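Work through these exercises with the structure open beside you. Try each task before you read its solution.

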Amino acid sequence: MRGFPTSIQVRNSVSLAKSIILQTKNSFPTDAKMIIPKKTQKPTKILKPHRFKSTQEPEWAKFNDQYNEHYSAPTISQLNPINHYFNIADVTYEWSVASFADIPSEWLKDKYRGQESDKVTKRFPGKTYVPFELVNELPEVIFLGRTNAGKSTLLNNITTVFQHATLEKSAKMSSKAGFTKTLNCFNIGNRFRLIDSPGYGFNSSAKQGDVTMEYLRERKELKRSYLLIPGDKGFSDLDLGIIEFMRENGIPFEIVFTKMDRVRNLTNFKEMVTASGILNYPTLPQLIFVNSAITKTCSKRYGIDRLRFSLFQSCSLNPLVKPTKKKVN
Ligand SMILES: Nc1nc2c(ncn2[C@@H]2O[C@H](COP(=O)(O)OP(=O)(O)OP(=O)(O)O)[C@@H](O)[C@H]2O)c(=O)[nH]1
Ligand SMILES: [Mg+2]
């Protein structure tokens with residue numbers, strides 16, 4: 001592709017994410033410092049469905065209603081079509097970038113900066129050598145959080161048919177902290193894009209932080225950020241720093257507590273939520289509580305329909321909207 005940045009991975013949106021292996025090493029610029037991730041925690045043993053014992057809803061699953069009383073709860077007639085959307089939608093990996101300017105549409109904007117916008121759009125197909133699918137404007141949401149918070153796993157979780165115990169592997173996930181090294185874009189049913197970001201904190205790099213912060217500040221398509229907090233760990237100073245950054249810059253966000261299946265003491269957990277101060281914000285974010293792993297204590301994935309509903313709301317999508325392509329198994 002003549003004139004197109006080399007540090008970018010572009011896939012035709014027709015190909016399915018299932019068959020794609022994210023080559024994060026290749027997509028990371030050669031001048032970037034290589035990171036050798038260390039193991040930080042034991043991977044969770046995922047049980048096969050026939051070994052589930054308990055079908056009882058865990059106590060924490062009710063938090064999704066209790067902490068969001070000020071938001072109207074989704075109705076079954078809203079949830080059903082939205083769940084159906086995610087079950088049949090194509091999940092297409094589109095690009096990975098290590099710097100903001102390499103995002104296909106940003107790269108084009110840079111190239112044609114100062115020219116009239118209608119001229120720019122006319123030039124997109126054919127002349128720019130960038131597939132139109134990558135520059136068509138769709139609403140975007142981003143998953144943010146420290147390394148190992150469960151961002152990539154959550155992306156796979158929401159795009160996996162709810163009845164399936166094993167997650168689809170659209171985004172690569174790992175028990176090694178610092179695994180995702182670039183901003184990775186996934187087109188979900190051609191109605192919105194979900195961006196998986198490199199984690200901050202342990203085993204991350206300043207360059208990875210820069211690309212994410214620039215994306216948050218500059219990206220016009222960004223509709224909402226989802227800050228992931230591992231429920232078993234609580235807020236870190238960096239998490240609180242990101243919240244302050246988003247509040248100061250007027251970036252709308254929600255908070256997703258991941259790995260709720262690992263939380264042993266719910267009283268301590270609630271105290272941690274209160275102590276963080278998030279309940280006192282005038283624009284109280286939604287708090288969503290999820291588990292992406294099925295374990296002995298958690299026989300289903302909870303909170304996912306709530307999160308899917310929130311994603312639809314963030315992108316101003318009608319619950320009845322249909323994806324434009326069908327998932328091929
Ligand atoms: N028990 C449990 N484990 C989870 C859950 N979500 C993720 N994990 C595990 O946590 C580890 C890290 O998950 P990732 O999705 O790779 O985390 P990430 O935030 O993308 O991490 P980086 O790419 O390093 O920033 C993996 O071993 C996952 O299996 C969850 O809800 N419950
Ligand atoms: Mg990741």
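**Exercise 1. Place serine 316 and judge its exposure.**

Task: Where is serine 316, and is serine 316 buried or exposed?

Solution.
Step 1. Go to helix H11, residues 304-314; serine 316 sits in the segment after this helix.
Step 2. Take its relative accessible area, 65%.
Step 3. Exposed means over 50%. Serine 316 is therefore exposed, at 65%.
Step 4. Check the backbone too. Serine 316 is not a glycine, yet its phi is positive, near 55°.

Keep in mind that this is a predicted model.

**Exercise 2. Do the same for asparagine 148.**

Task: Find the element on each side of asparagine 148, then decide whether asparagine 148 is buried or exposed.

Solution.
Step 1. Strand S3 (140-145) and helix H7 (151-158) are joined by a loop, and asparagine 148 lies in that loop.
Step 2. The relative accessible area of asparagine 148 is 19%.
Step 3. Buried means under 20%. Asparagine 148 is therefore buried, at 19%.
Step 4. Look at phi. Asparagine 148 has a positive value of about 70°, although it is not a glycine.
Step 5. Link this residue to the ligand. Asn148 is one of the closest residues around ligand 1.

**Exercise 3. Describe the surroundings of ligand 1.**

Task: How many residues surround ligand 1, and how do they divide into nonpolar, polar and charged?

Solution.
Step 1. Count the shell: 25 residues surround ligand 1. The closest are Asn148, Lys151, Thr153, Gly178 and Ser292.
Step 2. Sort the shell: five residues are nonpolar, 14 polar and six charged.
Step 3. List backbone partners of ligand oxygen atoms. A backbone N or O atom of serine 292 is 2.6 Å from one ligand 1 oxygen. For glycine 150, a polar backbone atom lies 2.9 Å from an oxygen of ligand 1. For glycine 199, the distance from a backbone N or O atom to a ligand 1 oxygen is 3.2 Å.
Step 4. Turn to area. Alone, ligand 1 exposes 660 Å², and the protein buries 95% of that.

**Exercise 4. Read the confidence.**

Task: Which element has the lowest mean pLDDT, and which the highest?

Solution.
Step 1. Begin with the whole chain: its mean pLDDT is 79, and 75% of its residues reach 70 or more.
Step 2. Compare elements. Helix H1 (residues 24-27) has the lowest mean, 33, and strand S7 (residues 253-258) the highest, 98.
Step 3. Find the weak stretches. Residues 1-42 have pLDDT below 50, and the model gives this stretch 100 contacts beyond near neighbours in sequence. Residues 45-52 also stay under 50, with 13 contacts beyond four places in sequence.

Notes. Residues numbered from 1 in each chain as written. Chains lettered and ligands numbered in written order. Predicted model: local features only at pLDDT ≥ 70, side-chain atom pairs only at ≥ 80, totals over all residues. Heavy atoms only, no water. Near = heavy atom within 4 Å. Polar contact = N/O pair within 3.5 Å; in protein donor to acceptor, adjacent residues only side chain to side chain. Areas by Shrake-Rupley, 256 points an atom, 1.4 Å probe, with all protein chains shown as cover. Nonpolar A, V, L, I, M, F, W, Y, C, P; charged D, E, K, R; others polar. pLDDT = per-residue confidence, 0-100. Helix = DSSP H or I, 4+ residues; strand = E, 2+ residues; numbered from the N terminus. Contact = heavy atoms within 4.5 Å. Buried < 20%, exposed > 50% of the residue type's maximum accessible area, 1.4 Å probe, protein only.
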